[in-house]
Each structure stands twice: as C-alpha cells, then as structure tokens.
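Here is a short tour for anyone who likes to look at a model before computing with it. Please have your viewer ready and follow along.

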Amino acid sequence: MPKNPILFALLLFLAAAAAVAAKQDDFIYAGFSNGPNGGDDGSISLNGVAEIEDRGILRLTNETSRLIGRAFHSVPLQFRNATTGAALSFSTVFAFAIVPEYPKLGGHGFAFTIAPTKELPGALPSQYLGLMNASDVGNTTNHVFAVEFDTVQDFEFGDINDNHVGVDIDSLVSNKSASAAYFDGGIKNDLNLKGGHTIMVWIDYGGAEKILNVTISPLSSKPSTPLLSFGVDLSPILLDRMFVGFSSSTGLLASSHYLYGWSFKMNGVCRPLDLSSLPSLPQPGKKNIALPVATSVGAFVVLLAAIAVAAYLFYKIKNADVIEPWELTCGPHRFSYGELRRATKRFRDRELLGFGGFGKVYKGTLPGSGIEVAVKRVSHESKQGIREFAAEISSIGRLRHRNLVQLQGWCRRRGDLLLVYDYMPNGSLDKFLFCDEPHSSLTPRPLLSWPQRYRILRGVASALLYLHEEWEHVVIHRDVKASNVLLDADFNGRLGDFGLAKLHDHGANPGTTRVVGTLGYLAPELTRTGKATTSSDVFAFGAVMLEVVCGRRPIEPKALPEELVLVERVWERWTAGKWEDVVDRRLNGEYDREEAAMVIKLALWCSHPSAAARPKMRDVMRYLDGGDAEDVPPVPVLPKDYDAGKDNIGFDDFVHSYPTSSSEKASTFSITIGQGAVGSEYSPLSSRSRAGA
Ligand SMILES: *[C@@H]1O[C@H](CO)[C@@H](O)[C@H](O)[C@H]1NC(C)=O
Ligand SMILES: *[C@@H]1O[C@H](CO)[C@@H](O)[C@H](O)[C@H]1NC(C)=O
Ligand SMILES: *[C@@H]1O[C@H](CO)[C@@H](O)[C@H](O)[C@H]1NC(C)=O
Ligand SMILES: *[C@@H]1O[C@H](CO)[C@@H](O)[C@H](O)[C@H]1NC(C)=O
Ligand SMILES: *[C@@H]1O[C@H](CO)[C@@H](O)[C@H](O)[C@H]1NC(C)=O
Ligand SMILES: *[C@@H]1O[C@H](CO)[C@@H](O)[C@H](O)[C@H]1NC(C)=O
C-alpha cells in the first residue's frame with residue numbers, strides 16, 4: 001500500500017485523463033450528447049441547424065428548405081505525418097438515415113467531410129451541401145475532402161443520378177461516384193439512400209497504398225466488397241490539422257438528415273458500431289464528471305459499482321414496456337417486448353423481411369406456439385404520435401376479414417411500436433407483377449396466371465368493401481397499392497397496413513397537413529384537398545386493377561413518353577379499340593378476354609378524375625362477382641388535360657437543377673423525377689395548402 005493513498009488516487013486519475021487525451025484520434029459516438037462546454041471538450045460540435053434530439057440522435061437538417069447543418073468532432077486531428085507530409089491512414093464507420101419531405105424526393109444529402117474549419121465560411125446550402133460556394137468550387141485552396149451521399153441529381157456537377165455516393169475533392173464534381181448499392185454474398189443490391197431506414201457507411205483510407213474505400217449497407221455487418229474503391233493520394237489535399245465531421249444541406253426540396261452513431265480512428269481500424277443498439281442506447285456519458293478524489297482506491301471501486309447498479313436500474317425502468325390503462329381493457333393481444341425479441345431472434349438482420357413504409361418488418365416465430373408472424377417495427381419521430389396511434393389499435397385489431405392481413409397483437413416500447421401480423425409466405429403482389437424490384441432479383445418469382453390475378457383482385461375488392469361499408473365504422477385505407485397487397489400460401493390477395501396511414505396525422509406539425517399515399521395511386525382531389533375518402537381508395541384500387549392486368553406500374557420510369565402514365569395509355573388503347581395491347585405480354589394471350597375487358601373497364605371507371613363519378617366498392621364487387629361487362633357504365637371521357645402524374649407534385653420544385661428554364665423542358669424533367677418517386681416504399685407527401693383531414 002503506498003504511503004499516501006490520496007496522492008496515489010490522484011496520480012491514477014491524472015494518468016487516466018492523459019490516456020483519454022491521447023486517444024483523441026480514436027473516438028466513438030454511440031449516440032450523441034451535448035457536451036457541457038459546447039463541444040470544446042472533445043465531443044461533437046454543431047453549427048447551422050444541427051441539433052441533438054431525444055435518444056441521442058443527431059439531426060443535421062430538418063424538412064425546412066435551404067438550411068445547412070454540420071457536426072464536427074470538436075478538436076482538429078493530425079491528418080498528415082508532420083515530418084514527411086504524407087496523409088495518414090484512417091478508418092471510420094457511421095450510421096445515418098435520410099427522411100425526405102416528399103416520397104423518395106430527397107434534398108439535398110450530406111457529406112462526410114474533412115475540412116480546415118468547422119464553420120466553412122461562405123459555403124452555400126442546396127447542391128453545395130454546405131461545403132463550398134459557386135465561386136470556390138474546384139479551387140484547390142479549399143482543402144476540402146468529402147464523401148457525398150447525394151439525393152438530388154445536379155446537372156451542373158455531372159451527378160449520375162439522384163441516389164449516389166461520390167468522392168469529392170475541393171469540388172462538388174465527384175472524382176468518382178457510384179449509384180448507392182451494397183454487396184451481400186457477392187450479389188449487388190441497390191439501396192435507396194432516402195428510404196428513411198438506417199444505413200451504415202465505412203470509409204477506409206490506406207495511407208501506404210493510397211486507396212480510399214467506401215462501403216455502405218443496410219445491415220450492420222460490413223460487406224467485404226466496397227461500393228467505391230478510389231486510388232488517391234490525399235497528402236496534397238489535406239492539411240496537417242483538419243476537422244472531421246459531417247455537412248448537410250436542404251434546397252427547394254428538403255430531407256431530415258440523421259446520424260445515429262459514429263466511430264473514427266486515425267492510423268488503425270475504428271471500433272465497430274453495433275447497429276442493433278443504436279439509437280436506443282442510453283446516452284454514453286460524454287460529460288466530464290468531476291470525480292471527488294476518493295480517499296482510497298477501494299472506495300472508488302465501490303462508487304463505480306454503485307453507479308453501475310444505478311445505471312442498470314435506470315436503464316431497466318427507462319426501457320420498460322409502456323402500459324396505459326386503456327391498453328389493459330380490450331383489443332388485440334398485447335405482447336411483451338421480450339417475447340417479440342425472442343420471436344425475431346433479437347431483431348436479427350437475417351430475419352428482416354423488408355422495409356415497409358413505416359419501418360422494418362421482421363419474420364418471427366412465437367415462442368411456445370411456434371406460429372410464424374411478421375413483426376413490423378414502426379418508429380415515429382413523435383412519441384405523442386405513437387401514443388395517439390396506439391390508442392386506435394384496439395379498434396383496428398377487431399377488424400376481421402379473410403382478405404385482410406390479420407393484426408395479431410402489438411407491443412409498445414418507448415418510441416417504437418411493434419405490430420404483429422399473420423405471416424404471408426408469398427410476400428407482396430408487386431414483387432410478382434414487376435420485374436424491376438431491386439431486392440427481388442435474388443429469388444425470381446413465378447408468373448401469376450390470369451385466374452390467380454382475378455382472384456387476387458376480387459379478394460382485395462371484398463376487403464375494401466368490408467372496410468368501407470361492412471364494418472361498424474367507415475375505415476379508409478389511404479394507401480391501397482400493389483405492395484400493400486400480400487399473398488398468402490394459396491395466393492389469395494390480402495390487404496395489409498390498413499389504418500396505419502393515419503399514423504401520419506398524429507403528432508404532425510400543426511402548420512402542415514400530410515397527404516398520405518403513393519404517387520400514381522393518389523386521386524387528383526386528394527392532392528388538392530388533402531382529405532382521404534372512400535372514393536380516393538377506389539381510385540387507388542383502379543390503379544391496382546390496371547397494374548394487375550398490365551403487369552406495369554401506374555407511372556413507369558423507363559417507358560416512352562406516351563406510355564408514361566398507365567391510365568392514360570390504357571385509356572388511349574381502349575378508345576382505339578385495341579385494349580389487348582395493354583394486357584401483360586407475359587401471359588402469352590392466356591387470359592379470359594371477357595374478364596380482362598371487364599377489369600379494364602372497371603379500372604378506368606375507378607380512375608375517373610371526378611370523385612363523384614367513381615363507383616362504390618359495392619358496385620366494383622358486383623361486377624367482379626360475375627356481372628355483365630355490358631352493364632358497366634360507358635368508360636368516362638378523361639378531360640384532355642388530365643394527367644395522373646401531374647397533380648401530385650408542385651412542378652416548380654424541380655426546375656432548379658435543370659440547366660434550361662424552358663417550361664416545357666422543365667416539366668419533362670420533373671416527370672422524370674416523379675417517376676423515380678414511385679415505388680414500394682412511401683413517405684408522406686406534405687401539402688401546405690389545407691387544414692385537417
Ligand atoms: C427547422 O429548423 C429551423 C431552424 O432551427 C426552424 O426555424 C424550422 O422551424 C424547423 N423546421 C421544422 C419543419 O421543424
Ligand atoms: C512519420 O514519418 C516518419 C518517417 O517516415 C516515421 O518515422 C514516423 O513514425 C511517422 N509518424 C507517424 C505519426 O506516422
Ligand atoms: C465563397 O467562399 C469563400 C471561402 O471559401 C469566401 O471567401 C467567398 O467570399 C465566398 N464567395 C461568395 C460569393 O460568397
Ligand atoms: C482560388 O482561391 C484563392 C483564394 O480564395 C484565389 O486567390 C484564387 O484566385 C482562386 N483560384 C481560382 C482559379 O478561382
Ligand atoms: C478530381 O477531379 C478534378 C476535376 O474535377 C481534377 O482536377 C483532380 O485532379 C481530380 N483529383 C484526383 C485526385 O483525381
Ligand atoms: C480497399 O478495398 C480493396 C478491395 O476490397 C482491398 O484490397 C483494400 O485492402 C482496401 N483498402 C483499404 C484501405 O481498406
């Protein structure tokens with residue numbers, strides 16, 4: 001025992017403090033916290049509109065236009081060997097999510113940045129990502145190195161598309177870029193940067209081999225093949241001491257850019273981030289707790305143990321399932337979080353069935369009964385929103401129809417809502433209809449025969465009829481589309497996600513009304529009034545009918561201009577008396593002509609631009625159940641200027657990045673973006689024009 005235990009403890013403490021200081025070039029943020037000194041203590045330093053939200057999520061920008069948000073590690077790091085001037089190796093991993101204001105239309109992205117200052121004076125938002133301005137783009141005096149995650153295609157910088165990763169050196173014209181994708185077992189899968197789900201990024205620079213690798217993945221394990229591998233000597237670009245962090249901006253279109261965690265190391269391999277523990281980990285203590293100098297080492301150890309026990313108890317209490325009085329009364333089964341965690345093997349990536357509109361969907365097997373279920377993990381920015389929505393589960397859970405995907409139960413835990421549904425072994429209808437789904441390339445699906453298609457349509461129609469007219473309240477689905485139609489083991493169509501679209505009404509910003517739905521399925525009046533009705537569901541069902549007959553999306557990205565909008569094309573062929581042209585060619589003419597003609601005629605009726613002129617689901621059902629096609633009212637005449645695609649988005653929003661301002665060109669271009677917006681996932685469309693739905 002040393003003579004002076006106090007001095008000994010003090011020495012230990014100083015040694016530990018020195019070790020922390022020396023480790024400045026190896027840091028990890030498993031969730032973020034506001035340092036007590038505004039970041040001067042080696043924690044994160046924010047500028048612009050960047051903020052740290054509840055649960056330790058760093059939000060660089062929100063959905064307001066033309067903002068810059070940045071976050072840098074507050075102390076500069078030595079990026080070059082002071083004697084030789086050679087750039088040193090570094091490695092980093094971080095987890096981010098981009099949640100755009102409009103479905104699949106991001107604005108503008110963010111960049112992992114190494115820069116001489118944290119503030120980057122003079123830099124602009126929008127396409128400049130808060131890194132540079134129009135006059136200094138390309139100037140080598142910038143000393144800015146960035147890896148951009150860009151969600152808008154800017155022609156002036158030669159961007160390849162609106163979903164790419166690029167290496168930028170003193171410029172926003174990327175020296176190398178690639179469409180966002182990841183490798184899984186040697187297979188390249190496309191990845192949507194702005195899908196709202198968490199994406200991991202690894203950036204590794206080898207100072208000796210002078211190679212920069214960028215790897216991305218939606219899963220927490222690092223793919224062995226990088227997305228980008230770029231031979232570059234960073235020595236002339238970097239200065240001796242540089243700041244490292246992130247810069248992000250919004251333009252006319254806006255996204256919220258979130259970071260969940262970040263690990264970095266100079267000259268070595270950074271510590272890994274555990275995706276499953278982000279961002280729900282309780283805040284790591286970044287604060288300098290002024291430790292009292294313990295009178296003995298023993299007391300210090302006891303103190304540590306006490307803190308650990310307290311932290312554990314706090315963690316337990318904070319993570320307890322939330323139970324409200326009404327939750328105990330009625331409604332579907334309430335699962336415990338532990339049960340669902342076991343069922344999904346701790347929400348393992350391998351159990352992931354897909355990314356739905358609201359979050360990830362996992363496959364699970366209930367412990368005990370062995371019943372297979374699909375568990376949807378819904379995350380919502382607003383806890384209040386989840387709370388209000390959860391209150392509706394008791395009524396949604398009582399909906400029962402053989403063509404609805406049955407809600408088995410649910411569980412609520414902090415900001416997450418877990419919904420347990422019947423497992424549908426054949427997945428969603430869109431995967432069978434369209435061959436362009438990036439994730440479906442792994443397992444080719446069989447072609448659906450005409451009788452199967454007809455039965456699916458009848459099933460979905462009867463489910464909608466039940467929701468609209470046969471249940472105790474009118475339930476509006478709000479998001480009828482092929483990817484929400486699931487197929488059970490016998491290929492019966494079952495409508496999923498009913499009621500969920502209402503989630504967007506809860507906790508929404510009172511200044512804006514969220515129109516929920518997916519481009520191409522949105523009734524024209526919906527984008528004007530924001531009010532969902534049974535007629536807007538009927539319109540969407542019309543789009544689904546056309547998809548099933550034609551095997552095509554409502555708005556086709558790769559089609560010729562005259563074939564762009566499916567309903568227009570079908571209408572044109574129908575009036576020309578050549579409707580057979582639009583029937584899915586893969587059927588090889590093997591279909592019931594009478595039924596197909598009936599479905600097309602009904603679909604056009606449902607797609608009527610005027611809500612009042614559309615049929616009710618009861619009428620649709622009657623005809624599908626064997627009514628006579630001759631009885632279907634004559635196909636409506638679409639107004640000449642009717643364009644299902646045009647109603648959905650304010651066109652002016654897209655003109656900004658097109659090189660010419662000719663209105664005709666601009667609108668062609670905006671349709672191009674609009675098409676990109678159509679897909680199986682969706683986010684809310686916000687409409688600034690109207691109040692309450
Ligand atoms: C985004 O942040 C800015 C600045 O902090 C604020 O003025 C604006 O209201 C925010 N917008 C939204 C939609 O929260
Ligand atoms: C810098 O380079 C010198 C000479 O090559 C080498 O001895 C030294 O270890 C390097 N320092 C670092 C921090 O890599
Ligand atoms: C562009 O940024 C530089 C600093 O990088 C600044 O000196 C210059 O004034 C800015 N130019 C404009 C037009 O804002
Ligand atoms: C680059 O920037 C420096 C300092 O801001 C300026 O003096 C120089 O003229 C710029 N070079 C070009 C090619 O614009
Ligand atoms: C990056 O691209 C610019 C042109 O955009 C070029 O001048 C520069 O040399 C390139 N840098 C590297 C390292 O390839
Ligand atoms: C970059 O990726 C290539 C190919 O996978 C690999 O050979 C190389 O070691 C990687 N370099 C670094 C610095 O990670």
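## A helix largely under cover

In α9, the buried residues are L566, V567, R569, V570, W571, R573 and W574. Please keep in mind as you look that this is a predicted model. Helix α9 spans residues 566-575, and because seven of its ten residues are buried, the helix is largely enclosed by the rest of the structure.

What covers these buried residues? Among the elements that do so are α8 (534-550) and α10 (593-606). If you follow the chain just past the end of α9, you will meet G577, which has a positive phi of about 75°.

## A strand with two neighbours

Next, turn to β9, the strand made of residues 145-150. How many of its six residues are buried? Six of the six are, and the strand is mostly covered. Its side chains split into two sets: F145, V147 and F149 point one way, while A146, E148 and D150 point the other way. Both sets are buried, the charged-type names E148 and D150 being listed along with F145 and the rest.

Strand β9 has pairing partners that you can trace in the viewer. With β8 (residues 109-115) it pairs in the antiparallel sense over six bridges. With β10 (residues 164-169) the pairing is also antiparallel, again over six bridges. V147 makes a handy landmark here: F112 stands opposite V147, and V147 in turn stands opposite V167 in β10.

## Around ligand 6

Which residues surround ligand 6? They are D204, G206, E209, N213 and P226. The protein covers 52% of the 360 Å² of accessible area that the ligand has on its own. Sorted by class, this shell holds one nonpolar, two polar and two charged residues.

One atom pair deserves a look if you plan to set up this site: a polar side-chain atom of N213 lies 2.3 Å from an oxygen atom of ligand 6.

## The whole chain

Finally, zoom out. The protein chain contains 13 helices and 28 strands. It has 693 residues, and buried residues make up 55% of them.

How do contacts spread along the sequence? Among those between residues at least 6 apart in sequence, 68% join residues at least 24 apart. As for the surface, the chain exposes about 29200 Å², of which carbon and sulfur atoms supply 55%.

Key:
Residues are numbered from 1 along each chain as its sequence is written. Chains are lettered from A and ligands numbered from 1 in the order in which they are written. This is a predicted model: local features need pLDDT of at least 70, side-chain atom pairs count only at pLDDT 80 or more; totals for chains, interfaces and linings use all residues. Side-chain values use heavy atoms; hydrogens and water are left out. Buried means under 20% relative accessible area, exposed over 50%, partly exposed in between (1.4 Å probe, protein chains only). Helices (H or I, at least four residues) and strands (E, at least two) are DSSP runs, numbered from the N terminus. Two strands pair if DSSP finds at least two bridges between them. Contact means heavy atoms within 4.5 Å. A residue is near a molecule or strand if one of its heavy atoms lies within 4 Å of it. A polar contact is a pair of N or O atoms within 3.5 Å; within protein, one must be able to donate a hydrogen and the other to accept it, and residues adjacent in sequence count only if both atoms are side-chain atoms. Accessible areas come from the Shrake-Rupley method with a 1.4 Å probe; for residues, only the protein chains shown count as cover. Ala, Val, Leu, Ile, Met, Phe, Trp, Tyr, Cys and Pro count as nonpolar, Asp, Glu, Lys and Arg as charged, and the others, Gly among them, as polar.
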